Amino acid sequence: ISGSFLNDNLHIGLQPTWRKYKARGEYAGEISNFRMRGSARYDIGNHFSLRINYGGPEEYLDDGGARRIWHADQWDLGVKYGNGNIYFSAMIKNVFNTYYKSWTKMNSPHYYYFHNSRETGRQLSLNFSYTFGYGKKVNENIDVNLPSDISSGIVGSETNK
């Protein structure tokens with residue numbers, strides 16, 4: 001679901017998702033869950049924009065049902081600027097969580113495994129680029145001289161009579 005508002009300056013996208021994971025066989029199991037993802041971007045003029053992204057928590061099965069995996073939700077905030085020669089963006093990932101939490105559990109007839117993870121939550125991503133020579137005048141009247149008597153694309157030899 002997406003839309004543009006406020007004179008096409010505000011762009012909003014929502015992705016509600018319901019998933020059902022089902023595994024058969026030795027690692028039979030089933031998980032159903034709802035997850036919401038979304039983003040909003042506000043453009044200020046032609047060169048600057050603000051962005052917010054959200055990814056809800058998720059739980060799913062992997063490796064044919066042998067592993068059950070869960071991870072927490074995440075909010076990201078960012079800014080972008082570009083004017084032709086210069087492009088700059090900054091993104092703060094996982095703004096509201098000091099730690100990014102997840103766990104993985106494996107339970108088989110022969111093996112049990114549980115891994116609880118706490119990774120650094122907040123991350124800063126910076127990108128900068130500069131294009132040299134952007135916008136220089138280009139001669140659009142390039143004239144390539146071709147032979148005027150080409151009548152076929154087949155190359156052959158002429159015989160003298």
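**A charged cavity and its salt bridges**

Visitor: How do the residues lining the largest cavity divide into nonpolar, polar and charged?
Guide: This is a predicted model, so keep that in mind throughout. The lining is made up of Thr17, Arg19, Asn33, Arg35, Arg37 and Glu58. Asp, Glu, Lys and Arg count as charged, so Arg19, Arg35, Arg37 and Glu58 fall in that class. The split is no nonpolar, two polar and four charged.

Visitor: How many cavities of 30 Å³ or more does the model hold?
Guide: Smaller spaces are set aside by the cut-off of 30 Å³. With that rule, the count is one.

Visitor: What is the volume of the largest cavity?
Guide: Its lining includes Thr17 and Asn33. The volume comes to about 50 Å³.

Visitor: Which strand gives the most residues to the lining of the largest cavity?
Guide: Two strands each supply at least two lining residues: strand 2 (10-23) and strand 3 (29-44). One of them gives three residues, the most of any. That one is strand 3.

Visitor: Which salt bridge partner of glutamate 58 lies in strand 2?
Guide: Side chains of opposite charge can pair when their charged atoms come close. Here the side chain of glutamate 58 meets its partner at 2.9 Å, N to O. Glutamate 58 lies in strand 5, so the pair ties together parts that are 39 residues apart in sequence. The partner is arginine 19.

Visitor: Is glutamate 58 buried or exposed?
Guide: Its relative accessible area is 7%. Buried means under 20%, so glutamate 58 is buried.

Visitor: Which residue in strand 3 also forms a salt bridge with glutamate 58?
Guide: The closest N and O atoms of this pair are 3.1 Å apart. Glutamate 58 is in strand 5 and its partner in strand 3, so the pair ties together parts that are 23 residues apart in sequence. The partner is buried too, with a relative accessible area of 11%. The residue is arginine 35.

Visitor: Which residues are linked in a network of salt bridges?
Guide: Glutamate 58 meets arginine 19 in one salt bridge. Glutamate 58 also forms one with arginine 35. The linked residues are Arg19, Arg35 and Glu58.

Visitor: Which residue pairs with arginine 41 in a salt bridge?
Guide: Arginine 41 is partly exposed, at 27% relative accessible area. Its partner is buried, at 17%. The two side chains meet at 3.0 Å, N to O, and the partner is aspartate 43.

Visitor: How many salt bridges are counted in total?
Guide: The pairs above include arginine 41 with aspartate 43 and glutamate 58 with arginine 19. The full count is eight.

Visitor: Which strands are at the edges of the open sheet?
Guide: Four strands form this sheet, in the order 5-6-9-10, and their pairing is antiparallel. An edge strand pairs on one side only. The edges are strand 5 (58-62) and strand 10 (112-120).

Visitor: What is the average twist from one strand to the next?
Guide: The sheet is an open one with four strands. From one strand to the next, the twist averages 15°.

Visitor: Which residue in strand 6 stands opposite leucine 61?
Guide: Strand 5 and strand 6 (residues 67-71) pair in the antiparallel sense over five bridges. Opposite leucine 61 stands arginine 68.

Methods
Residues are numbered from 1 along each chain as its sequence is written. This is a predicted model: local features need pLDDT of at least 70, side-chain atom pairs count only at pLDDT 80 or more; totals for chains, interfaces and linings use all residues. Side-chain values use heavy atoms; hydrogens and water are left out. On a 1 Å grid over the protein atoms alone, a cavity is a set of points where a 1.4 Å probe fits but cannot get out, and a pocket is an open set with protein on both sides within 12 Å along at least five of seven lines; lining residues have an atom within 4 Å of a point. Grid points are joined across faces, edges and corners, and a volume is the space filled by probe spheres set on the points. Two strands pair if DSSP finds at least two bridges between them. Axes are lines fitted to C-alpha atoms, for helices over the stretch in contact, and angles run from 0 to 180 degrees between N-to-C directions. A salt bridge is a side-chain nitrogen of Lys or Arg within 4 Å of a carboxyl oxygen of Asp or Glu. Buried means under 20% relative accessible area, exposed over 50%, partly exposed in between (1.4 Å probe, protein chains only).
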